[in-house]
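Me: I would like to go through the reasoning behind the labels given to this model. Please set each value against its cut-off.

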Amino acid sequence: MSGQYEIPFWEKAAMTIEEAAAFSTIGIGKMRELTKDPRCSFVLRVGPGKRIIKRKEFIEFLSKNNEI
């Protein structure tokens, strides 16, 4: 066993930038740009360079915005 668990997407509390890009059909470059903003409400910063997307907050962001 590799030590990693396979969790269905709909049960995950957070996503990688790549998963969020695929989920939303927003490009990875645009996702990286959005998440660089320190005021971005759907980002969880892990250490100096890693950013995790909080799924619930990201879905709320998508539903409230008409353009990015």
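Me: What share of the residues is buried, and what makes a residue count as buried?
Reply: In this predicted model, buried residues make up 25% of the 68 residues in the protein. A residue counts as buried when its relative accessible area is under 20%. The accessible surface of the protein comes to about 5,200 Å², and carbon and sulfur atoms hold 53% of that.

Me: What is the order of elements from the N terminus on?
Reply: The order is β-α-α-β-β-α, with three helices and three strands in the protein. The C-alpha trace spans about 45 × 25 × 20 Å along its principal axes.

Me: Why is the contact between Lys12 and Glu19 called a salt bridge?
Reply: The N to O distance is 2.7 Å, and the rule asks for a side-chain nitrogen of Lys or Arg within 4 Å of a carboxyl oxygen of Asp or Glu, so the pair qualifies. Lys12 has a relative accessible area of 23% and is therefore partly exposed. Glu19 is also partly exposed, at 26%.

Me: What makes Arg32 and Glu18 a salt bridge, and which parts of the chain does the pair link?
Reply: Their closest N and O atoms are 3.0 Å apart, which is within the 4 Å limit, so the pair is counted. The pair links distant parts of the chain, with Arg32 in helix H2 (residues 28-36) and Glu18 in helix H1 (residues 17-24), 14 residues apart. Arg32 has a relative accessible area of 34%, hence partly exposed, and Glu18, at 39%, is partly exposed as well.

Me: Where do Glu33 and Lys30 lie, and why is Glu33 called exposed but Lys30 partly exposed?
Reply: Both lie in helix H2, three residues apart, about one turn of the helix. Glu33 has a relative accessible area of 51%; exposed means over 50%, so Glu33 takes that label. Lys30 has 27%, which falls between the 20% and 50% limits, so Lys30 is partly exposed. Their side chains meet in a salt bridge at 3.3 Å, N to O. By the same rule the count comes to four salt bridges.

Me: How do you know that Arg51 has no salt bridge?
Reply: Glu18, the nearest side chain of opposite charge, is 8.5 Å away. A salt bridge needs the atoms within 4 Å, so none is assigned. Arg51 is nevertheless buried, and lies in strand E3 (residues 50-54). The side chain of Arg51 does make a polar contact of 3.1 Å with that of Thr35; the limit for such a contact is 3.5 Å, so the distance fits. Not counting residues up to four places away in sequence, Arg51 touches several residues, including Ile17, Arg32 and Val43.

Me: What makes Leu62 eligible for a surface patch?
Reply: Leu62 has 31% relative accessibility, so it counts as partly exposed. Patch members need over 30%, so Leu62 passes that cut-off. With Phe23 and Ile59, Leu62 forms a nonpolar patch with about 220 Å² of accessible area together. Leu62 is found in helix H3 (residues 55-64).

Me: Why is the phi of Thr25 worth noting?
Reply: Most residues other than glycine have a negative phi. Thr25 is not a glycine, yet has a positive phi of about 60°. Thr25 is found in the loop between H1 and H2. With a relative accessible area of 74%, Thr25 is exposed, because the label requires over 50%.

Methods: Residues numbered from 1 in each chain as written. Predicted model: local features only at pLDDT ≥ 70, side-chain atom pairs only at ≥ 80, totals over all residues. Heavy atoms only, no water. Helix = DSSP H or I, 4+ residues; strand = E, 2+ residues; numbered from the N terminus. Buried < 20%, exposed > 50% of the residue type's maximum accessible area, 1.4 Å probe, protein only. Lys, Arg positive; Asp, Glu negative; His and termini not counted. Polar contact = N/O pair within 3.5 Å; in protein donor to acceptor, adjacent residues only side chain to side chain. Contact = heavy atoms within 4.5 Å. Patch = residues over 30% accessible without salt bridge, like charges linked within 9 Å, V, L, I, M, F, W, Y side chains within 5 Å. Areas by Shrake-Rupley, 256 points an atom, 1.4 Å probe, with all protein chains shown as cover.
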